[in-house]
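Please examine the sequence and the predicted model shown here. A short report on selected strands, helices and individual residues is given below.

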Amino acid sequence: YALPMSSEVDLRSVRRLVRILRAHRTQVVHAQKGKARTLAMMASLFVRIPVLVLNRGVSFPLDPLNRLGYTTRRVTAIVAVCESIKHGLIRQGVPGEKIEVIYSGTDTARFHPGVDGSGIRRELGLGPEHFLITQIGTRSWKGNDDVLEAVAKIAPGFPPARVLFVGARGGKAQVLQDKGAALGIGGRVFVFPYREDIPEILAASDVTVDASYEGLGLTGTLRESLAVETPVIGTDIEGNPEIVRPGRTGLLVPPRDPGALAEALRQIAADPARAEAMGRAGRTLVEEKFSTAVKVERTETLYRRLLAARGK
């Protein structure tokens with residue numbers, strides 16, 4: 001059912017949600033975002049919700065209103081997308097027994113080692129000799145500037161290096177191109193807007209980078225990249241170390257440190273055999289802990305446990 005959810009006080013959506021819950025005698029409501037959580041809690045004033053589950057996928061601090069929403073007894077459980085977020089919620093006063101860690105899932109049938117990235121490389125005009133560094137996402141806290149600076153550091157001694165940013169909105173593409181030009185790597189910077197062929201883009205890449213420095217939980221791009229056996233470099237914060245095992249599935253670097261990122265890029269480029277081994281190990285880890293199938297199984301188990309505790 002499509003609901004507008006235009007705001008956290010969208011009474012029209014609340015009324016429709018109440019009708020839906022009554023019609024289906026819904027036992028579990030799982031709210032994925034803060035707005036959905038608030039509307040579900042408002043609906044619970046008019047219809048009983050036996051189990052209300054919230055999701056938490058970012059590490060930004062809770063404001064007083066959010067903290068109340070996470071600690072109220074009307075919320076049965078909270079799903080954190082990584083251990084780091086769970087610990088952060090506990091530090092902010094959320095009872096640990098209410099929090100279940102369930103990693104976000106990757107569709108391993110869509111993201112797999114057999115994905116063909118050759119079309120992407122042709123689109124970019126790249127040959128097999130080029131080394132493509134990719135970052136998905138262009139929000140301010142994703143560390144795009146740090147990636148550009150790192151590429152600028154390795155460019156003089158590594159002419160094949162190229163960098164691709166995916167998901168630029170509005171004038172962001174031109175901003176990134178201009179910053180690249182100012183750093184002397186203008187001809188090496190590519191920018192895509194919104195794309196749906198992410199598996200192919202990741203498969204075309206030699207390494208995927210996540211240089212985020214705040215707010216993240218566990219970056220989905222890292223999961224998806226490893227699923228296609230492309231090695232990764234991530235910042236050593238929040239949930240990233242739970243999937244990036246240094247030297248085994250990728251490399252970790254401090255946030256806001258272009259020099260360390262440049263060195264990690266050099267290591268990946270200098271040892272293709274090691275990079276391929278990290279990609280393969282990453283695929284195995286995704287299948288074991290970060291696949292959609294594992295997420296669904298763990299989520300269903302949580303629902304059944306919570307319902308059983310309420311005698312339903």
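The sections that follow treat two groups of parallel strands, one helix, one buried side chain and some backbone angles.

## Strand β2 and its neighbours

This account concerns a predicted model. Strand β2 spans residues 51-56, and because six of its six residues are buried, the strand is largely enclosed by the rest of the structure. In a regular strand the side chains alternate between the two faces of the sheet. In β2, Val51, Val53 and Asn55 point one way, while Leu52, Leu54 and Arg56 point the other way, and all are buried. The buried set thus includes Asn55 and Arg56.

Strand β1 (residues 28-31) pairs with β2 in the parallel sense over four bridges, and Val28 stands opposite Val51. Together with helix α2 (residues 34-43), β1 and β2 make a right-handed β-α-β unit. From β2 the chain passes through helix α3 (residues 64-71) to β3, again in a right-handed β-α-β crossover. Strand β3 (residues 77-80) runs parallel to β2 and is joined to it by four bridges; Leu54 has Ile78 as its bridge partner in β3.

## Strand β9 and its neighbours

Both faces of β9 are covered: Val232 and Gly234 lie on one side, Ile233 and Thr235 on the other, and all are buried. Strand β8 (residues 207-210) runs parallel to β9, and three bridges join the two. One pairing sets Asp210 against Gly234 of β9. β9 also pairs with β10 in the parallel sense, over four bridges, and here Val232 has Gly250 as its bridge partner.

The connection between β8 and β9 involves helix α9 (residues 220-227), and these three elements make a right-handed β-α-β unit.

## Helix α9

Helix α9 is mostly covered, with six of its eight residues buried. These are Thr221, Leu222, Arg223, Ser225, Leu226 and Ala227. They pack against β8 and β9, as well as β5 (131-136), α8 (198-204) and α11 (272-289). After the helix comes Glu229, which has a positive phi near 70°.

## Phe111, a buried loop residue

Phe111 is located in the loop between β4 (99-101) and α5 (118-124). Is this residue buried or exposed? Phe111 counts as buried because its relative accessibility is 4%, below the 20% cut-off.

Which residues does Phe111 contact, leaving aside its neighbours within four places in sequence? The contacts are Thr106, Ile198, Pro199, Leu202, Glu224, Ala227, Val228 and Arg283. Among them, Ala227 is also one of the buried residues of α9. Asp206 is 95 residues from Phe111 in sequence, and the two C-alpha atoms are 16 Å apart in space.

## Positive phi angles

Most residues other than glycine have a negative phi, and most peptide bonds are trans. Met5, although not a glycine, has a positive phi of about 45°. Met5 is placed in the segment before α1 (11-24), and counts as partly exposed because its relative accessibility is 29%.

Glu238 is likewise not a glycine and has a positive phi of about 50°. Glu238 belongs to the loop between β9 (232-235) and β10 (250-253). With a relative accessibility of 30%, Glu238 counts as partly exposed.

Methods: Residues numbered from 1 in each chain as written. Predicted model: local features only at pLDDT ≥ 70, side-chain atom pairs only at ≥ 80, totals over all residues. Heavy atoms only, no water. Buried < 20%, exposed > 50% of the residue type's maximum accessible area, 1.4 Å probe, protein only. Pairing = 2+ DSSP bridges. Right-handed = clockwise from strand over helix to strand, strands pointing away. Contact = heavy atoms within 4.5 Å.
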